[in-house]
Amino acid sequence: MATGCKEPPPYELWLEKVLARVEASGDCLLWTGCVSSTSGYGMLRVPTSQPKPNRKSNTTVRGVHQIRLMCALRVTHFQPDYETSHLCHNKLCVNIDHLSLEPHSVNTQRRACVTNGRCIGHGAPYKNCIL
């Protein structure tokens, strides 16, 4: 590799780490590794794409659902104001068919679907909830 070139993100390694710690539960693939005590989301430490000089480590902790979607989309970050939504509303699910990249406003609307017990629809191109 030429000097000054960055190595591509190790998507296969990230994906392997995620899938090594899942169990099937219905249609969901549930993360069985570390879970945040405050948010309830699965978490995993991965190399950071932009190390900061004052950091002791070149790693960062990310949501496992975010890492799973990054691997599928082959990106290292998402556009500002975009989030990974769980269409199944299960914070530990990493089934790629249950994850969607969408604006914060759409992700927030999905809470009404859980409250109503049915998907209220979110407009194209956003998928309906899986309830």
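Where is the place of Leu 30 in this chain? Leu 30 sits in strand S2, and I'll come back to that residue in a moment.

Hello everyone. A word on ground rules: this is a predicted model, in which local features need pLDDT of at least 70 and side-chain atom pairs count only at pLDDT 80 or more, while totals for chains, interfaces and linings use all residues. Residues are numbered from 1 along each chain as its sequence is written, and side-chain values use heavy atoms, with hydrogens and water left out.

Let's start with the overall layout. The protein chain has 3 helices and 6 strands; these are DSSP runs numbered from the N terminus, with at least four residues (H or I) for a helix and at least two (E) for a strand. Reading from the N terminus, the order is α-β-β-β-β-α-β-β-α. Of the 131 residues, 30% are buried. Buried means under 20% relative accessible area, exposed means over 50%, and partly exposed is in between, using a 1.4 Å probe and protein chains only. Among contacts with a separation of 6 or more, 40% are between residues 24 or more positions apart, where contact means heavy atoms within 4.5 Å.

Back to Leu 30, then. Leu 30 and Val 94 are 64 residues apart in sequence, yet their C-alpha atoms are 6.2 Å apart in space. Leaving out residues up to four places away, Leu 30 touches Arg 21, Val 22, Glu 23, Ser 25, Asn 90, Leu 92 and Cys 93.

Now please look at helix H2, residues 64-73. This helix is mostly covered, with 7 of its 10 residues buried. Those residues are Val 64, His 65, Ile 67, Arg 68, Leu 69, Met 70 and Cys 71. Their cover includes helix H1 (11-19) and strands S2 (28-31), S3 (43-47), S4 (59-63), S5 (82-86) and S6 (99-103).

Some of H2 also belongs to the largest nonpolar core, which has 10 residues: Tyr 11, Trp 14, Val 18, Trp 31, Leu 44, Val 46, Val 64, Ile 67, Cys 71 and Val 94. H1, S3 and H2 each supply at least two residues of this core. By nonpolar core I mean a set of buried Ala, Val, Leu, Ile, Met, Phe, Trp, Tyr and Cys residues joined through side-chain atoms within 4.5 Å. Within it, Cys 71 touches Tyr 11 and Trp 14, and Cys 71 also touches Leu 15, not counting residues up to four places away in sequence.

Which aromatic residues pair up? A search of the whole structure finds 1 aromatic pair. The rings of Tyr 11 and Trp 14 have their centres 5.8 Å apart and their planes at 80°, so the pair is edge-to-face. Rings of Phe, Tyr and Trp (its six-membered ring) pair if their centres lie within 6.5 Å; planes under 30 degrees apart are stacked, over 60 edge-to-face, and the rest tilted. Both residues lie in helix H1, 3 residues apart, about one turn of the helix. Tyr 11 and Trp 14 are both buried.

On to charges. The count comes to 2 salt bridges, each being a side-chain nitrogen of Lys or Arg within 4 Å of a carboxyl oxygen of Asp or Glu. In one, Arg 74 pairs with Glu 12, with the closest N and O atoms 2.6 Å apart. This pair links distant parts of the chain: Arg 74 is in the loop between H2 and S5, and Glu 12 is in helix H1, 62 residues apart. Arg 74 is partly exposed at 45% relative accessibility, and Glu 12 is exposed at 52%.

The other salt bridge joins Glu 102 and Arg 110, with closest N and O atoms 2.6 Å apart. Are these partners buried or exposed? Glu 102 is buried at 0% relative accessibility, and Arg 110 is buried at 1%. Glu 102 also has a side-chain polar contact of 3.1 Å with Ser 100; a polar contact is a pair of N or O atoms within 3.5 Å, where within protein one must be able to donate a hydrogen and the other to accept it, and residues adjacent in sequence count only if both atoms are side-chain atoms. Ser 100 lies in strand S6 and is buried, with a relative accessible area of 9%.

Finally, some backbone details. Most residues other than glycine have a negative phi, and most peptide bonds are trans. Asp 81, in the loop between H2 and S5, has a positive phi near 70°. His 89, in the loop between S5 and S6, has a positive phi near 65°. The peptide bond from Ala 124 to Pro 125 is cis, with omega near 5°. Thanks for listening!
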